[in-house]
Amino acid sequence: MSHRQILFVIFGLMAGMFLSALDQTIVGTSMRTIADDLDGMALQAWVTTAYLIVSCISTPIYGKLSDIFGRRPLFLIAITIFLIGSLLAGMANSMYELAVFRAIQGLGAGGLMALPLTIMGDMLAPRERAKYQGYFLAVFGVSSVIGPLIGGVLSGSETILGITGWRWVFLINLPIGVIALFIVLKFLHVPHFARPVRIDWWGAVTVILAAAPLLLVAEQGRTWGWGSPASIACYVIGTLSIAAFILAERMMGDDALIPLKLFKSATFSMATVLGVFVGFGMFGAMMTVPLYLQLVNGATPTESGFLMLPMIAGLMTSSIVSGQLIARTGRYKMFPTIGTAFMSAGFLLFTFATADKPVVFMMAGMLLIGLGLGQLMQTLTIASQNSVGPRDIGVATSASTFFRQIGGTLGTAVLFSVLFTRIPDTLGAAFGNPTLVAGVKAAATDPAVQADPANAGILKLLGNPGGVGGALDGDTSFLNTADPRLAEPFLVGFNDAAVTVFWVSLAVVLTAFVLSFFLKAPPLRTSSALQEAADENAAELAELAELTRDAQRAADTMGALVEPGIDVDEFERESRPKPR
């Protein structure tokens, strides 16, 4: 393919990935408005969980089906399903409906996240691939910044073109998706070399039964209680299903949903493990840091999106630079090590955070984490793709994405659990600090503070000391306008709890840093997966042709068994044994 053709295809793939990446960030800042309008604040977690579980589970299924039936039809199906889910979500009339429609969106999103990188693996050799994958990370970064901004603007509008503002959070996907469909239909014509395979139905069933309960308890365990009957049931079902999944994959061999032979490659196995740890750190940072900026630094959701720019700038810069270096040198082993070192430095800086430090302090840490992520995300994907044959590019890419999403889900669940478990203790310690308590007392007895309506909420809360420990579990808007002296213990308490989270993230990323030294990095192949598949196909045809020629030459050499001109029927009659 020419450079121009490649770029057109990339635009279509980027539009598809943009749909999925934007949807993860644009909904977050709108969910409170949506829940208020649909009268379902207590159900909003299910809206997020439904999307997450279905998108995560469908990722490896898309990868395997695309290996069987081709990338183009599966990508078109993924976009179509996502658009149908978006249209239905924009028409939802209850939180239950919205949760179901978000699950439909997630079914399409699983393909939108995995297939673009798989198609890139088909079209381009690993060394060339590194140059273009930086564009995809740029899409991911841009969507992370503008998602909260667009979500805030749309959900903050009462109506747009006669339709309730928050509904456009989902309807905005429709024009973007139509453009992606057009580009893919017109420009994406990737050859597919069909081969006879069995469909791994048992693998698909067992991966759903294994992943769904574990993802569900990861999202809901803090609400249910980690030792509750519902949580225990999820542990048991998930564990038994994992065993059943491994057995099913062993029986299916090369036709398995995630072939176990992939893990015989030390490179693929280590890249997968690193992907889980990187997903843990990445999603942990992207979920907890904006919350920290909003609560401790007083940023609005939209402002926190802009304050994340250093992380996005670092991610884009390092991904482009590392991609160019990989394309020129063919070497990539150093980037996982350098990337995890940068991430470790960023989280280490976060552990020194205090409530009175300026926001630029957090931005410096975000820059370091972004510089690390940009070197890791594409490099680990390239390493996974380079470690398998052309026929397994789809399952390798989707498996890599699947395990990174699992790591991200676990990271979000674990870190938020740690955060909200620590908050009551750190708030108690903050209100035990004589200096902070003196400031609170001085402000609480100030007539001007008492007369200001903006302090009514926090003064009411302080009048009930028993409720202070859970003050940050729900609506924290009372801190936005409160007197700084009254708010300071809450900010200090949240900061100290967040520092514990940063220590956990640091430990996980440091583990990844140590493991990165054990990543084997065989030379990158110089041919694309399509070219290799075509070469294999041509070799098989050439071998068949050679066998045919050998048979023909043998026949020519031996000659006919009967001399020309002899009546065959008469010859056979004469040749029969005579009766005695």
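**Exercise 1. Leaving aside its neighbours within four places in sequence, which residues is Leu-107 in contact with?**

Let's work through this one on the predicted model.

Step 1: find the residue. Leu-107 sits in helix α5, which covers residues 95-123.

Step 2: look for its contacts, skipping neighbours within four places in sequence. You should end up with Val-54, Ser-58, Tyr-62 and Ile-81.

Step 3: pick Ile-81 and check the spacing. Leu-107 and Ile-81 are 26 residues apart along the chain, and their C-alpha atoms are separated by 7.0 Å.

Step 4: decide how open Leu-107 is. Its relative accessibility is 37%. Buried would need under 20% and exposed over 50%, so at 37% Leu-107 counts as partly exposed.

**Exercise 2. Work out how α4 and α8 are arranged, and which residues meet.**

Step 1: recall what you need. Two packed helices are described by the angle between their axes and the distance between the axes.

Step 2: get both values. The axes of α4 (residues 71-89) and α8 (residues 173-187) come within 10 Å, crossing at roughly 165 degrees.

Step 3: turn the angle into words. Angles over 145 degrees count as roughly antiparallel, and α4 and α8 are therefore roughly antiparallel to each other.

Step 4: add the handedness, which is left-handed for this crossing of α4 and α8.

Step 5: list who meets whom. On the α4 side you'll find, among them, Phe-75, Ile-79, Phe-82 and Leu-83. The α8 side includes Leu-174, Gly-177, Val-178 and Leu-181.

Step 6: sort the contact by class. Between α4 and α8 there are 12 nonpolar, four polar and one charged residues.

**Exercise 3. Describe helix α10: its span, its buried residues and what comes next.**

Step 1: take the span. α10 (residues 229-252) has 24 residues and reaches 34 Å from its first C-alpha to its last. That is close to the 34 Å expected at 1.5 Å a residue.

Step 2: pick out the buried residues of α10. They are Ser-231, Cys-234, Gly-238, Ser-241, Phe-245, Ala-248, Glu-249 and Met-252.

Step 3: ask what covers them. The cover over these buried residues includes α9 (201-224).

Step 4: step past the end of the helix. Gly-253 follows α10, and its phi is positive, near 60 degrees.

**Exercise 4. Zoom out to the whole chain.**

Step 1: count the elements. There are 22 helices and two strands.

Step 2: check burial. Of the 580 residues in the chain, 51% are buried.

Step 3: look at contacts between residues at least 6 apart in sequence. Of these, 81% join residues at least 24 apart.

Technical notes. Residues are numbered from 1 along each chain as its sequence is written. This is a predicted model: local features need pLDDT of at least 70, side-chain atom pairs count only at pLDDT 80 or more; totals for chains, interfaces and linings use all residues. Side-chain values use heavy atoms; hydrogens and water are left out. Axes are lines fitted to C-alpha atoms, for helices over the stretch in contact, and angles run from 0 to 180 degrees between N-to-C directions. Helices (H or I, at least four residues) and strands (E, at least two) are DSSP runs, numbered from the N terminus. Angles under 35 degrees count as roughly parallel, over 145 as roughly antiparallel, 65 to 115 as roughly perpendicular and the rest as oblique. A crossing is left-handed if the near helix is turned anticlockwise from the far one by less than a right angle, and right-handed if clockwise. Contact means heavy atoms within 4.5 Å. Ala, Val, Leu, Ile, Met, Phe, Trp, Tyr, Cys and Pro count as nonpolar, Asp, Glu, Lys and Arg as charged, and the others, Gly among them, as polar. The expected span of a helix is 1.5 Å times one less than its number of residues. Buried means under 20% relative accessible area, exposed over 50%, partly exposed in between (1.4 Å probe, protein chains only).
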